[in-house]
Every structure is written in C-alpha cells, then in structure tokens.
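Biologist: Could we go through this model slowly, asking each time what justifies the word that is used?

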Amino acid sequence: MGKPESGSLEVQRDRLMDGLRAFGANYTEFTQRFATWLGLHSTDAAALAEILYAEDKGAPLSPARLSERISLSSGATTALLNRLELAGHIVRTREHTDRRIVTLRSSPHVKPRAEEFFGPYAQRMAAEMSQYTPDQLQQFEDFIGHLRETMDSLLAHEYQEHRPGARPSRGSS
C-alpha cells in the first residue's frame with residue numbers, strides 16, 4: 001500500500017485536521033500573549049478571555065460554566081476568580097432572580113484593554129470571513145458545529161475518566 005494521492009479525501013481530511021490544530025495552537029498563542037500583556041498567568045488570561053467573550057455575546061458566565069469552559073475544578077476556578085477579582089479584572093454580581101447565582105463580568109478598565117489587544121485579530125478575521133458567501137459560511141459553521149459535538153461527546157463519554165482532577169480507575173495504566 002502506497003501513500004494516498006495528494007487530492008484524495010484522506011489527504012484532504014488530514015489537511016483540514018492539521019489546519020484546525022494549527023488554528024487552535026495559534027489561538028492559544030494569542031491568549032498567552034494576552035496574558036503576558038496584562039501580566040497574568042496564561043490560565044487566568046484564558047478565563048478572562050472566556051468571560052469577555054461570553055459577555056460580548058450577551059450570555060455572561062457563571063463560575064460553574066467558566067469552570068467547564070476552561071477545564072478546571074470548582075476549587076481551582078474559585079482561586080482563579082479570586083486572583084482576577086483582586087487584580088481588578090472582573091467583578092462577581094448577583095443579577096439573577098435566584099440570588100445564589102453569581103454572574104461574572106469584566107471590570108470597566110479591562111474591557112478597553114482587551115479590545116485594544118484583540119481588535120486587530122477581530123478586524124483581520126472579519127475581513128477574511130467577508131471573502132466567503134453566506135452559504136459557504138453556513139457550511140463552515142455546520143462543519144465546526146458537528147466537530148464540536150463529536151468532541152463534546154468523546155469528552156463526556158469515552159474520555160470521562162481523563163478529565164482534570166479525575167483519578168485513573170483501577171486497572172488503568
């Protein structure tokens with residue numbers, strides 16, 4: 001059996017997966033540079049970026065939802081939120097009718113700094129996406145959505161024992 005032809009479906013899928021991995025690595029690099037720029041640990045900056053993104057989308061996060069998004073235990077997330085709050089980057093509010101529910105918001109001073117940092121990224125990405133038709137963008141959105149659902153299912157089922165803070169079951173190596 002030889003190598004697959006360069007135009008084959010298998011090679012095309014490999015190129016797509018390579019591109020997705022590279023995009024993920026680049027996004028991680030942006031977050032790490034944001035951390036350096038703000039003088040934060042990379043995990044704190046990743047959490048802050050998630051809080052800012054959710055807030056921009058009109059769906060601010062709770063600490064539990066943030067914990068899921070950044071794959072930290074609730075205790076580690078609490079410590080992280082304490083650091084971000086102490087540094088003045090976030091505020092915790094109680095906006096829900098159920099006063100036990102905490103909402104995470106960016107502080108007034110951090111949002112303009114995040115916009116300054118991520119502004120060129122957002123502008124360049126919007127310019128790149130403007131080259132595609134709405135139908136093409138819908139296909140991309142569907143594709144990414146299906147990949148995400150597949151990964152979510154894998155994490156929830158096949159890789160459940162391998163989540164942060166989980167201990168290997170007996171018989172695992």
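**Reading the terms against the values**

Modeller: Let us begin with I144, which has its place in helix α6; a helix here is a DSSP run of H or I with at least four residues, a strand is a run of E with at least two, and both are numbered from the N terminus. This is a predicted model, so local features need pLDDT of at least 70 and side-chain atom pairs count only at pLDDT 80 or more, while totals for chains, interfaces and linings use all residues. Residues are numbered from 1 along each chain as its sequence is written, and side-chain values use heavy atoms, with hydrogens and water left out.

Biologist: Why is I144 called partly exposed?

Modeller: Its relative accessibility is 43%, and since buried means under 20%, exposed means over 50% and partly exposed lies in between (1.4 Å probe, protein chains only), that is the class into which I144 falls.

Biologist: What makes L16, M17, L20, F143 and I144 a nonpolar patch?

Modeller: A patch takes residues with over 30% relative accessible area and no salt bridge, joining like charges within 9 Å and nonpolar side chains (Val, Leu, Ile, Met, Phe, Trp, Tyr) within 5 Å. L16, M17, L20, F143 and I144 form such a patch on the surface, with about 400 Å² of accessible area together; areas come from the Shrake-Rupley method with a 1.4 Å probe, and for residues only the protein chains shown count as cover. Two elements, α1 (9–38) and α6 (134–156), each give two or more residues to the patch, and the largest share, three residues, comes from α1.

Biologist: How do you know that α1 spans about what a helix of its length is expected to span?

Modeller: The expected span is 1.5 Å times one less than the number of residues. For the 30 residues of α1 that gives 44 Å, and the helix reaches 43 Å from its first C-alpha to its last, which is close to the expected value. Just after α1, G39 takes a positive phi of about 75°.

Biologist: Why is T31, a residue of α1, called buried?

Modeller: T31 has a relative accessible area of 7%, which is below the limit for buried, and therefore it is given that name. In α1 the residues V11, T31, F34, A35 and L38 are buried, and what covers them includes α2 (42–56) and α5 (110–129). Leaving aside neighbours within four places in sequence, T31 is in contact (heavy atoms within 4.5 Å) with S42, A45 and A46.

Biologist: What makes W37 and F117 a tilted aromatic pair?

Modeller: Rings of Phe, Tyr and Trp (its six-membered ring) pair if their centres lie within 6.5 Å; planes under 30 degrees apart count as stacked, over 60 as edge-to-face and the rest as tilted. The rings of W37 and F117 are 5.4 Å centre to centre with 40° between the planes, so they pair, and the pair is tilted. W37 lies in α1 and F117 in α5, so the pair ties together parts that are 80 residues apart in sequence. F30, F34, W37, F117, F118 and Y121 form one aromatic cluster, and the whole structure holds seven aromatic pairs.

Biologist: How do you know that D44 and R83 form a salt bridge?

Modeller: A salt bridge needs a side-chain nitrogen of Lys or Arg within 4 Å of a carboxyl oxygen of Asp or Glu, and for D44 and R83 the distance from N to O is 2.6 Å, so the pair qualifies. D44 lies in α2 and R83 in α4 (residues 74–86), so this bridge ties together parts that are 39 residues apart in sequence. At 4% relative accessibility D44 counts as buried, whereas R83, at 43%, is partly exposed.

Biologist: Which other pairs pass that test, including one within α3?

Modeller: E68 and R65 meet at 2.8 Å, N to O, and both lie in α3 (residues 63–70), three residues apart, about one turn of the helix. E68 is called exposed because its relative accessible area is 54%, while R65, at 34%, counts as partly exposed. R92 forms a salt bridge with E85 as well, the closest N and O atoms being 3.0 Å apart, and the full count comes to eight salt bridges.
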